[in-house]
Amino acid sequence: MTENVAEALSPEQATNLVKILDLQARWENLCASPEQRPDLRTDLRARQKAHDQFQDAWDHYSKKYRTKLFPETTQSVPDRLAVWCKLLRAVFRRATVGDPTHVMAKVYQMADRIADKNEAEPVPRGATEDLAAAVRELDEVIAWCAALPVKADAA
């Protein structure tokens with residue numbers, strides 16, 4: 001999915017996509033930090049349930065809208081994170097309601113990995129309690145990515 005495609009989504013489709021993005025991010029966030037949960041069986045069940053919820057919602061969405069386009073990030077480098085954030089920003093702007101909490105946690109986790117890799121200050125965190133706040137935070141992440149120096153070995 002591109003930013004232009006996201007900007008053309010109907011409000012209903014964007015709202016449904018926000019839900020799916022949040023379910024996916026919730027599942028991925030659970031998988032990203034299993035060491036924080038000492039009970040392996042409970043952890044595995046939680047991850048499986050989160051994955052099933054995401055997959056069911058995605059299957060319903062892709063059938064309803066006859067699309068396989070999905071805003072996924074592919075690399076943990078600043079320019080790719082910025083592209084993904086621009087796409088998320090477009091979806092969030094078109095949606096009428098939604099909870100961006102898990103998506104923004106995923107954005108911040110990726111930004112933290114990039115900051116560590118580039119020996120940079122982490123992106124500042126702000127409120128992400130609703131879509132409008134998340135859009136403002138995505139603007140901050142996009143600007144942060146653009147301000148990172150390009151490392152010679154990354155070229």
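Okay, let's start right at a helix pair: helix α4 crosses α6 in a left-handed sense. Before I go on, a reminder that what you're looking at is a predicted model.

So, α4 and α6. Their axes sit 9 Å apart, and the packing angle is about 160°. That is over 145, so we call the two roughly antiparallel. Who's touching whom? On the α4 side we have Pro78, Leu81, Ala82, Cys85, Lys86, Leu88, Arg89, Phe92 and Arg93, and across from them on α6 are Leu131, Ala134, Val135, Leu138, Asp139, Val141, Ile142 and Cys145. If you sort the residues of that contact by type, you get 13 nonpolar, no polar and 4 charged.

Let me step back for the overall picture. The protein has 6 helices and 0 strands, so if you walk along the sequence you just read α-α-α-α-α-α. There are 155 residues, and 42% of them are buried. And if you take the contacts with a separation of 6 or more, 72% of those come from residues 24 or more positions apart.

Now α5, which packs against both of the helices I just mentioned. It runs over residues 101–118. That's 18 residues, with 26 Å from the first C-alpha to the last, close to the 26 Å you'd expect at 1.5 Å a residue.

Take its packing with α4 first, where α4 is residues 78–94. The angle is about 165° and the axes are 11 Å apart, which makes α4 roughly antiparallel to α5. The crossing is left-handed here. From α4, the contact uses Pro78, Leu81, Trp84, Cys85, Leu88 and Phe92; from α5, it uses Val103, Met104, Lys106, Val107, Met110, Ala111, Ile114 and Asn118. By type, that contact splits into 12 nonpolar, 1 polar and 1 charged.

Then there's α5 with α6, and α6 is residues 131–147. The axes are 11 Å apart here, and the angle is about 15°, so this pair is roughly parallel. This crossing is left-handed. Met104, Val107, Tyr108, Ala111, Ile114 and Ala115 from α5 meet Ala134, Glu137, Leu138, Val141 and Trp144 from α6. That contact comes out as 10 nonpolar, no polar and 1 charged.

Which residues of α5 are buried? The list is Val103, Met104, Lys106, Val107, Tyr108, Met110, Ala111, Ile114, Ala115 and Asn118. While you look at the spacing in that list, keep the usual rule in mind: an α-helix has 3.6 residues a turn, so residues three or four places apart point the same way.

One α5 residue that I'd like to point out separately is Arg113. Its relative accessibility is 45%, so it counts as partly exposed. In sequence, Arg113 is 37 residues from Ser76, yet the two C-alphas are 7.4 Å apart in space.

Next, the loops on either side of α5. Going into it, Gly98 lies in the loop between α4 and α5. Gly98 is partly exposed, at 34% relative accessible area. Leaving aside neighbours within four places in sequence, Gly98 is in contact with Val18 and Leu131. Leu131 is a residue we've already met, on the α6 side of the contact with α4. Gly98 and Asp22 are 76 residues apart in sequence, with 8.6 Å between their C-alphas.

Coming out of α5, you hit Glu119, in the loop between α5 and α6. What's the phi of Glu119? It's positive, near 50°, in a residue other than glycine. As a reminder, most residues other than glycine have a negative phi. Glu119 is exposed, because its relative accessibility is 73%.

Something similar can be seen at the end of α3: just after that helix, Arg66 takes a positive phi of about 50°. Helix α3 itself covers residues 40–65, so 26 residues, and it reaches 37 Å from first C-alpha to last, close to the 38 Å expected at 1.5 Å a residue. The buried residues in α3 are Asp43, Arg47, Ala50, Phe54, Ala57, Trp58, Tyr61, Ser62 and Tyr65.

That's what I had, thanks.

Note on methods
Residues numbered from 1 in each chain as written. Predicted model: local features only at pLDDT ≥ 70, side-chain atom pairs only at ≥ 80, totals over all residues. Heavy atoms only, no water. Axes fitted to C-alpha atoms, helices over the stretch in contact; angles between N-to-C directions. Helix = DSSP H or I, 4+ residues; strand = E, 2+ residues; numbered from the N terminus. Parallel < 35°, antiparallel > 145°, perpendicular 65-115°, else oblique. Left-handed = near helix turned anticlockwise from the far one by under 90°. Contact = heavy atoms within 4.5 Å. Nonpolar A, V, L, I, M, F, W, Y, C, P; charged D, E, K, R; others polar. Expected span 1.5 Å × (residues − 1). Buried < 20%, exposed > 50% of the residue type's maximum accessible area, 1.4 Å probe, protein only.
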